[in-house]
Amino acid sequence: MYRILKAEKVADKIFLMVVEAPRVAEYCQPGQFLIVRNDEKGERIPLTICDYDRERKTVTIVFQIVGASTLMMSMLKAGDCFHDVVGPLGLASEFITDPIEEVRKRRYLFVAGGVGAAPVYPQVKWMHENGIDCDVIVGAKTKDLILLEEEMSRVAGNLYITTDDGSYKRKGMVTQVIQDLYDEGKRYDVCVAIGPMIMMKFVCLLTEKLGLPTIVSMNPIMVDGTGMCGACRVSVGGKTKFACVDGPEFDGHQIDWTQAMERQQLYRTEEGRAMLAAQEGATHHGGCGQCGGDR
Amino acid sequence: MEGMKKVPVREQEALVRAHNFDEVCYGYNMEEATEEAARCIQCKNPRCVKGCPVEIDIPGFIKKITEKDITGAADVIAEASALPAVCGRVCPQETQCEELCIRGVKGEPVSIGKLERFVADYCREQGYAPMKKEPDNGHRVAVIGSGPAGITCAGDLAKLGYKVTIFEALHEPGGVLTYGIPEFRLPKAGVVQPEIDNVRKLGVDIECNVVIGKSVTIDQLMDEEGYEAVFIGSGAGLPKFMGIPGENANGVFSANEFLTRNNLMKAYLDDYATPIFRGRRVVVVGGGNVAMDAARTALRLGAETYIVYRRSEAELPARVEEVEHAKQEGIIFRLLTNPTEIHTDEKGWVTGMTCVEMELGEPDESGRRRPVVKQGSEFTIEADAVIMALGTSPNPLIASTTKNLETDRWKCIVAREEDGQTSREGVFAGGDAVTGAATVILAMQAGRAAARGIHKYLTDTCTIA
């Protein structure tokens with residue numbers, strides 16, 4: 001059993017938990033994910049690792065309620081246990097394994113949409129710990145949905161916060177901020193964009209025009225997370241990849257977004273919706289409630 | 001003529017079982033088992049044993065049945081196999097022990113598989129488990145994967161006195177016995193779990209939710225966690241797809257995904273949270289046991305179900321018994337047929353597939369006649385789901401994270417057949433991770449061989465008393 005040490009609501013329908021998971025905490029890296037199960041009849045829910053503490057053997061996860069399983073998960077309190085936690089799964093972000101001198105030469109722009117702030121945070125933190133200040137854009141629908149602002153401000157170089165409705169800081173989508181930064185004359189070598197699929201798609205459309213290579217983190221439907229089931233197929237550059245073992249991070253300019261978004265709808269048929277627990281959205285990461293996936 | 005045929009085994013009626021997940025075959029009772037056991041002529045030089053990959057003393061355990069000493073029969077089997085209730089159900093006896101049975105020369109062979117199953121089921125119901133083992137020798141071995149290879153290797157080593165920990169990536173042990181083979185062929189709570197519990201009772205620890213190569217590596221297990229030898233029985237790997245247009249459409253699944261949702265995650269039961277797509281018309285592509293399992297599962301979930309296979313019935317790799325069961329239940333076979341494209345609607349959902357008819361040409365390197373496309377034979381099958389049961393390719397997770405572990409050109413781990421030794425000292429391997437997808441019993445054979453190999457290695461290097 002995997003004890004929950006901390007469970008708090010951080011925004012409407014969004015929760016943060018610190019969980020004891022020694023084997024995950026020991027070797028996990030930014031970019032990787034884990035899978036949890038609430039109880040013995042629960043489904044396997046993939047979630048990106050938001051933070052980790054190797055000494056206390058804990059990992060931090062952030063998720064949004066999008067269906068029955070995440071609703072049940074949100075009712076767990078500190079002291080309760082997950083039935084299962086397995087990980088770390090997937091590949092670490094590319095910069096973790098690239099030579100650090102190379103990474104230091106690159107100018108990184110991180111873009112987080114909605115719950116995407118959770119997977120972006122450990123990457124920015126890693127950069128900070130390695131002496132690299134990165135520009136970070138955090139966007140959400142409205143003020144209450146801006147996550148991890150304080151944590152992010154401690155590790156980011158410049159932090160740009162934007163809300164769709166203008167209720168906090170800048171007004172507009174994250175793509176607007178990217179455009180503004182370029183208009184101001186800023187330039188980057190790599191963009192890392194994580195959030196709802198629709199947001200990642202539009203960031204990629206823009207950065208392609210700007211000639212800015214962009215890494216995205218995919219959150220497809222998954223079962224085992226070890227390569228066995230092939231449910232997480234993503235078309236990247238015309239080739240089929242498994243997000244769980246080949247990803248979850250890919251070159252965003254190579255992704256077949258139409259197919260990826262269609263595949264998110266798999267268990268959302270009209271007749272099945274009431275019965276089947278929604279699986280997309282906040283599972284893994286992303287799913288800000290803006291893309292319509294949870295409606 | 002009296003005694004020329006097997007004592008028939010009772011089965012659930014085909015049209016009833018097509019709508020439930022209860023076990024198809026009921027197995028023998030004591031009366032039937034003793035009657036069938038009496039058909040064994042107790043050959044002095046039993047050919048059946050040579051046909052058994054783990055060399056069970058078959059006449060020996062059958063003799064015990066004739067004496068109604070069923071726990072005695074279980075002890076005989078336990079010398080060679082940790083999973084008799086599983087093997088009695090899923091082994092291809094018709095091409096192994098029973099194929100060589102002398103009674104099969106004129107008439108039907110002894111029903112060895114059903115007898116093995118009877119012994120295992122009877123002992124489980126009586127609460128008897130063979131538990132003979134050596135005293136602890138203090139040496140620790142890690143086993144990766146709790147499928148047939150890993151369970152067998154761990155059980156054999158535990159009996160020799162080793163302290164064994166099995167690391168399982170999923171949340172339940174059993175490997176393919178749990179996620180792959182369906183309930184109606186191999187009941188989970190009734191059969192698989194008790195056999196795994198028997199291995200636990202020998203002192204084997206099973207740690208679930210550990211993905212070797214991710215959670216921890218083999219090097220770390222040996223250098224930091226104190227394991228003196230490691231057995232890799234990590235199983236088959238990544239599902240293959242055909243590479244035809246439309247294959248990533250909604251409604252195209254690998255058999256692995258479909259079966260895992262149903263078997264491991266129990267999606268067919270209402271009180272489990274995992275969803276599964278219940279098609280109206282499902283086409284399964286492939287002709288092996290996995291294809292039969294997927295088709296019969298789709299049928300039970302309410303779909304009209306087809307099997308599409310590019311060769312003819314004679315080449316179906318599935319067991320004859322599985323093909324017969326599938327036909328009885330109403331699976332429609334479209335043989336000598338191959339899909340070329342999957343059609344979708346405007347939202348990316350499967351609507352059907354284009355297939356071509358095939359005919360058999362000259363034999364290929366496998367010795368089977370090569371299927372060739374009949375010109376102008378294209379036709380369309382309407383369907384809302386397609387399940388690809390085309391086999392697997394090895395999972396690179398362990399090979400890519402273990403230093404100096406050699407793989408072959410198919411990316412399977414290279415291991416010596418007789419003892420499982422890999423290119424890495426102290427690391428042994430067997431089962432599908434080495435051979436590619438094969439059978440439960442061949443994985444068990446490899447697990448057994450590796451247990452002997454590990455015992456020899458540790459005896460030679462550590463002077464075990």
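**Exercise 1. Decide whether S377(B) counts as buried or exposed in this predicted model, and describe its surroundings.**

Solution. Start with the cut-off: buried means under 20% relative accessible area. S377(B) has 10% relative accessibility, so this serine counts as buried. Next, place S377(B) in the chain: it sits in the loop that links β12 (369–373) to β13 (379–382) of chain B. Then look for partners beyond four places in sequence: S377(B) is in contact with C355(B), V356(B) and E357(B). Finally, check a distance: 8.3 Å separates the C-alpha atoms of S377(B) and M358(B), which are 19 residues apart along the chain.

**Exercise 2. Find where E55(B) and N209(B) lie, and work out whether each is buried or exposed.**

Solution. Begin with the backbone. Most residues other than glycine have a negative phi. E55(B), however, has a positive phi of about 55°, and phi of N209(B) is near 65°. Now locate them: E55(B) belongs to the loop between α3 (47–51) and α4 (58–66) of chain B, while N209(B) is in the loop between β3 (205–207) and α12 (218–223) of chain B. For the last step, exposed means over 50% relative accessible area. E55(B) has 56% and therefore counts as exposed; N209(B) has 5% and so counts as buried.

**Exercise 3. Identify the peptide bonds before P88(A) and P248(A) as cis or trans, and place both prolines.**

Solution. Recall that most peptide bonds are trans. From G87(A) to P88(A) the bond is cis, with omega near -5°, and P88(A) is in strand β8 (residues 84–89) of chain A. From G247(A) to P248(A) the bond is also cis, with omega near 10°. P248(A) lies in the loop between α9 (243–246) and β17 (249–251) of chain A.

**Exercise 4. Which residues touch the most other members of the largest nonpolar core, and which helix gives the most to it?**

Solution. The core has 70 residues, and those touching the most other members are I58(B), F61(B), I62(B), I65(B), L115(B), V119(B) and I454(B). Helix α17 (residues 440–462) of chain B gives the most to this core, with 9 residues. Now zoom in on L115(B): beyond four places in sequence, its contacts include Y28(B), A33(B), F61(B), I62(B) and I65(B).

**Exercise 5. Compare the radius of gyration of chain A with that of a compact globule.**

Solution. For 295 residues, a compact globule would have a radius of gyration near 19 Å; chain A has 18 Å, which agrees. As a further step, take the burial: 61% of the residues of chain A count as buried.

Notes. Residues are numbered from 1 along each chain as its sequence is written. Chains are lettered from A and ligands numbered from 1 in the order in which they are written. This is a predicted model: local features need pLDDT of at least 70, side-chain atom pairs count only at pLDDT 80 or more; totals for chains, interfaces and linings use all residues. Side-chain values use heavy atoms; hydrogens and water are left out. The radius of gyration is taken over C-alpha atoms; the globule rule is 2.2 Å times the number of residues to the power 0.38. Buried means under 20% relative accessible area, exposed over 50%, partly exposed in between (1.4 Å probe, protein chains only). A nonpolar core is a set of buried Ala, Val, Leu, Ile, Met, Phe, Trp, Tyr and Cys residues joined through side-chain atoms within 4.5 Å. Helices (H or I, at least four residues) and strands (E, at least two) are DSSP runs, numbered from the N terminus. Contact means heavy atoms within 4.5 Å.
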